[in-house]
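Please open the model in your viewer and keep the selection tool at hand. The stops below follow one another, and each begins with something to select.

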Amino acid sequence: MADDLAHQLFQLSLTGQSYGTASLTGSSTRLPARGGRRGGRGRPAYQAYAVFVGRRAGVYLNWCCDAQVRGVRHNSYKGYESRADAYGAFDIAQARGLTFSCGDNVIRVAQVAARVRLDLDDLPLCMAFVDDEVGITMAERMSFWYVVYKGTQPGVYRTYHEVQLATTGLADAQHDSFRAREDAIAAFTTALERGNVYKFMRA
């Protein structure tokens with residue numbers, strides 16, 4: 001059942017994203033390694049970068065990923081000390097429908113092509129990743145539960161990073177945080193009942 005939900009989320013994430021997205025099977029954009037860029041004084045060099053929102057989403061093995069985010073106002077990327085961590089983080093984000101490639105039309109990141117109102121029938125899909133092993137590992141020291149009411153993938157999340165990917169650049173995006181899991185789920189369920197949850201499709 002979880003695999004089916006993950007597949008559905010992945011298919012939903014492809015809407016409006018025909019440019020350069022990596023596949024769920026892990027065939028992310030791979031470039032020849034030329035050494036990482038240091039993350040700061042005394043910090044080890046990054047071995048790979050995951051571009052979550054940019055000209056071409058994927059994993060890059062050197063700082064040429066800069067070309068994928070330069071000029072993209074609402075870009076999202078992160079450096080990792082191992083290639084495995086970068087590929088793992090990217091595949092997780094993509095499976096959740098949280099990556100986006102805008103190509104050369106950089107304003108697409110902030111444009112919404114369509115809005116789909118969700119209802120209670122969509123609750124299982126929106127909750128698909130809350131209790132999976134990956135989500136738990138990503139938020140080992142979590143102190144909040146997060147709810148995305150309006151964004152590219154509404155639902156309940158364990159990390160703010162996922163919330164950012166679901167809402168970055170979208171003027172009408174809406175999210176909130178809660179101390180308790182039950183409060184987050186209750187708030188999201190109520191919003192579904194009232195017709196206040198929308199899935200945005202980027203242009």
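**A helix with two sides**

Select Glu182 and Glu193 on helix H7: these residues are exposed, on the other side of the helix from its buried residues. Please bear in mind throughout that this is a predicted model.

Next, select the whole of H7, residues 181-193. At 1.5 Å a residue, its 13 residues should span 18 Å, and the end C-alpha atoms are indeed 18 Å apart, so the two values agree.

Which residues of H7 are buried? Colour Ala184, Phe188, Thr189, Ala191 and Leu192 to see them. They cover an arc of only 160° around the axis, which means that they lie on the same side of H7. An α-helix has 3.6 residues a turn, so residues three or four places apart point the same way.

Now display what the buried residues of H7 pack against: helix H4 (123-126) and the strands E6 (145-151), E7 (155-157) and E8 (174-178). Then move just past the end of H7 to Gly195, where phi is positive, at about 75°.

**An annotated region**

Select residues 48-87 and 145-186, which UniProt lists, in an unreviewed entry, for "domain: Ribonuclease H1 N-terminal". Over residues 48-87 the chain is 22% helix and 38% strand, with its end C-alpha atoms 8 Å apart.

**A buried arginine**

Finally, select Arg108, in the loop between strand E4 (100-101) and strand E5 (112-117). Is Arg108 buried or exposed? Its relative accessibility is 15%, so Arg108 counts as buried. Add Arg202 to the selection: the C-alpha atoms of Arg108 and Arg202 are separated by 6.7 Å, although the two residues are 94 residues apart along the chain.

Note on methods: Residues numbered from 1 in each chain as written. Predicted model: local features only at pLDDT ≥ 70, side-chain atom pairs only at ≥ 80, totals over all residues. Heavy atoms only, no water. Helix = DSSP H or I, 4+ residues; strand = E, 2+ residues; numbered from the N terminus. Expected span 1.5 Å × (residues − 1). Buried < 20%, exposed > 50% of the residue type's maximum accessible area, 1.4 Å probe, protein only. Arc of directions from axis to C-beta. Contact = heavy atoms within 4.5 Å. UniProt positions renumbered as here; feature names shortened; annotations may be inferred.
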